[in-house]
Amino acid sequence: MAPAMTFVLFVLTFSIVSAFTSDSINNRDLLYCEQADKISQNECPINTQQYQYRIFVVLNQTINEALILAKTKFQEYKNIELTLDFNQHVFVAKGVEINKDNSLKISGSGYNVHDIAIEEQFSLNGGSLTLHKISLRGISQSATFKTAFITINPDSKLLIDECKIIYSLTLPENALIEATQLKQIIEERYLVQLFNTSFENSECNGKRGFIYLEIWSEVSVQIKRCSFQGYRGAAGSGRNGALTIVDHLGGIINAQIIIQECIFVDNEGELAGSISVLGNTLRIVHVINCSFINNRMKDIQLKMNNQEGDISEEIKGMIIDDKKTQIENLIVQQSYKRINSDVNLFVSDSGSDSNVCLDTNPCLTIKSILERTPPLFGYSTDIAIINLKSDTKQQSNIIIGSSDVIQTVIQSNGFVQGQSSYSQYTISYSQFTNTLFQINLLSKLSIQGIKIEQDSAQITQQVAYNLFQLNNGSLTVIDTIIQNFHFKNQSGVINLVQNPSTNNNIIAISSSTFQDIVQEGTACVGGSIIHGEIRQGSSLIINTETLFKNCSSQTGSGGAIKLVILYDYTSEINKVTFDSCQSSQGGAIWFDFIGPSNFQIKNDSQFIKCKTNNNGNGGGIWTQHKDNGKLNLIDTSFSECECTQEGNGGAIAFTQINQYGGIGMDNVSFSLCKTLLGSSQKYGWGGAIFIDIKHSDTFQVYFFNLSSLVFSNCISAGKGNNIHIRSPNIANTAQDIIANNFITVYGISDLFTSGLYPDDYLGINTVDGATGTNEANKYTPLFGGSVSDQPSYSYQFYVNGKTGQNVPTCRQDDDPCLTMKYILTYNPIYVLDSYYIKGTTNLTIVVMKNTEKENDEEISTQTPIGNRFIVKSDGYIQGTFGQTKLRIITKSYYQTLFQIQAGSLLEFIGIQFDNLQSSPLVQEPLINIIQLTSEINQPILSLIECEFKQDPPSSSAS
């Protein structure tokens, strides 16, 4: 037996007991009982009379990890504290006592997880008992439970918090908690404290109710935020209620019994259903802000000196209508001076708004809980935790703080942050006539562990209201999914009301997902997830791997977030991902900083495949700054973000209005970001970053510092693959950057001196680029070299096979040539500037109309104008669905249309080739590539989004 006892102590010491102190501990004195049911059968030697006044703990390894409290003759452990692990429960054997100077504390993780089973009685004989987050139940084998669950004798102390006490058998003489001589010698303010605990019973019909207290000295008792439901007083019991207090003090009134913010529901007594107060003065009892619902007989019955008093059936919570003369002896008051605490309430689609909103009697709507009179929780002090017990479609127009400040948590029942063991319930938005939540008057709402989505049966209907409307309120979103919404124009998920006089809107979002949310219409406000203003006192904090995926605004700015920031030194986006977000300006985020601020995006935040539509700027972020407004990007990445001409900044478009507002970057990477060819062939600057400087002053280091940047395969259809800057004096801007090291690129130490990166870092003067341009001579490399050093910039010619003319002046869209073949004959000396280099610079041919004029065209080093051509349909936007491909129609079935020789490039974008035919007589290919035996200077043919259509065979063709 001894080895087994050694093992038991090891488990208790390390797994269960948080604090375990004793005058002496001897392992050999600890007994072990293998099965809990043997205790009641006296098969273990721990129930005999000789073990009186001793308590010890035994671990049962075979039945649900039960901890057994019993008596033993060996050691007296003075202070025991048990913290229950998963699946551990407590069994209290007969006759366990907590004696003077001893204490016992048992803590669980919820009354629906851990419980204490009492075989007969738990006696407090001068000791202290604390129970937290567990349920208490009796398991007597007899027909009746002959004694109270807990008996409180003089000088004992009892604290119960967040527990459930339930019993369904008969207690003919006793209460669940009983003190027939509640008095004290030691100085303790409260001998009995009960918080946030429910007493539930469907069968109990004893004389003394759930709690029975006889007051014999100047003690204090506090019963706060407890619920009493289902008590049935025994017939003939006379003086009874769910809560019975007997005053033996006579004229002494220094004792205090506080019954505060409690709920009494469906109780029935012979003279009173809820509270019986009996005795000499009754003035020690304070009933504060309680609710009485569906109780039989009187709610409160008083009896003093054999003269009965009464409180009317018209009780309305805080207001008690006292109609009889003896009532002044009961102190009834209302008070808001309370300590913050949690009040748990429940909602289910199977509930009813006439219920009391408890676990077993949930309400139907959240709105009804918040608007209940009398209130179910203390405004401005308590936190109402509203637990969803099912998916629900009944929620709408929920006002948080209509007339007073309130704090509310809405969560899935059983929610534990960071865990997945609970069921995540869904609020389906199906009532399209109101916003879902309004948060006012500095009130606070926390959404935890739920889903919110548009009702799938109405998914095609546009939502015209914001889900959350903040007007001087606070919103916290934790472990929540919001998805599948189609908003109309001015609506979105969260709106920060623009109110200059009271604008303390606070948003905190963590570990949440916003996905498949679109804002549609011709006048979208932008920011499908968050839009509005941030002023002094407001903040936005998004962190802990929150995801924004497929969030878009059809015609507005900021696919996910759009904010005007007037004052803000607390906001940040920390470890957040924006994936495939889209809008007209700022694919994921649109910021306008117009006042002092320091907004941070940091810690592995990511922008992936975000882009602008409608030729807007900033595929990932569009941001504008002045007057000490600053955006900091730290340890952030942009991947495959893009915009289309006339848009600038594949990843970021940044405008600096004055030198006292700007942007800082540290360790920010850009991969495969780009600006795409658009209809105008203008702009498209900055494959990764576009910076627009609106002032002529020198940079302030605090407001312009881009350090440790990383670029990988970024491309600009306009100019500046990595960075493009437009400023009033680009030469001075470049000099300022070089002199102060304002731009540094990771792994490149000679960025300013080598002249190797002229096409990656470019600039233009505002006067030359105010309305966009594609003229290469207007651009200046920021850090040495020449624009013409690289072949990536195009000179553009227009061809119209219907109305064009092959004349020496044809070139522009208003004076196009008739054929591309004519352009090939140009002498570049006369039609192109000195920056053009034959054989290295690309030439773009824009096809304006379908044409059948092209034939027998050779691209080679002997072609007069050059040998690098890009041929594209007018207005064609690469990668965009539904674009029109213009047609090149073959005039002859039997002749090569284009021939490409060594060292030449011919690229077609968005072209359709028609009138092709298969025939034995066709000997030549449509496009003939003359390959070399050497791998050097091979001809290049590129076909991007082109089509080839073949005519059906016919006798005429043969």
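## Strands 72, 75 and 78

Strand 72 and strand 75 (residues 911-916) run parallel and are joined by four bridges. Strands here are DSSP runs of E with at least two residues, numbered from the N terminus, and two of them pair if DSSP finds at least two bridges between them. Across from Leu886 you'll find Ile911 of strand 75.

Zoom out a little and there's an open sheet of three strands, ordered 72-75-78, with parallel pairing. Strand 72 (886-889) and strand 78 (947-950) sit at the edges with a single partner strand each, so one side of each has no neighbour in the sheet. On average, neighbouring strands of this sheet are turned by 25° against each other, direction ignored. For that angle, axes are lines fitted to C-alpha atoms, and angles run from 0 to 180 degrees between N-to-C directions.

## A word on the model

This is a predicted model, where local features need pLDDT of at least 70, side-chain atom pairs count only at pLDDT 80 or more, and totals for chains, interfaces and linings use all residues. Residues are numbered from 1 along each chain as its sequence is written, and side-chain values use heavy atoms, with hydrogens and water left out.

## Strands 70, 73 and 76

Another open sheet has three strands in the order 70-73-76, with parallel pairing. Its edge strands are strand 70 (857-859) and strand 76 (927-929), each pairing on one side only. Here the average turn between neighbouring strands is 15°, direction ignored.

Strand 73 (residues 898-900) runs parallel to strand 76, and three bridges join the two. Ile900 has Ile929 in strand 76 as its bridge partner.

## The largest pocket

Now for some empty space: the largest pocket holds about 1100 Å³. A pocket is an open set of points on a 1 Å grid over the protein atoms alone where a 1.4 Å probe fits, with protein on both sides within 12 Å along at least five of seven lines; lining residues have an atom within 4 Å of a point. The volume is the space filled by probe spheres set on the points, which are joined across faces, edges and corners.

Where does the largest pocket lie? Domain 1 (51-109) and domain 2 (112-303) both give residues to its lining, so the pocket lies between them. Those domain bounds come from an automatic or database domain assignment.

## What lines it

The lining of the largest pocket has 43 residues, and Gly110, Tyr111, Asn112, Glu162 and Asn344 lie nearest the centre. Strand 30 gives the largest share, five residues. Strands that each supply at least two residues include strand 17 (198-200), strand 31 (383-388) and strand 33 (407-412).

By type, the lining splits into 18 nonpolar, 16 polar and nine charged residues. Ala, Val, Leu, Ile, Met, Phe, Trp, Tyr, Cys and Pro count as nonpolar, Asp, Glu, Lys and Arg as charged, and the others, Gly among them, as polar.
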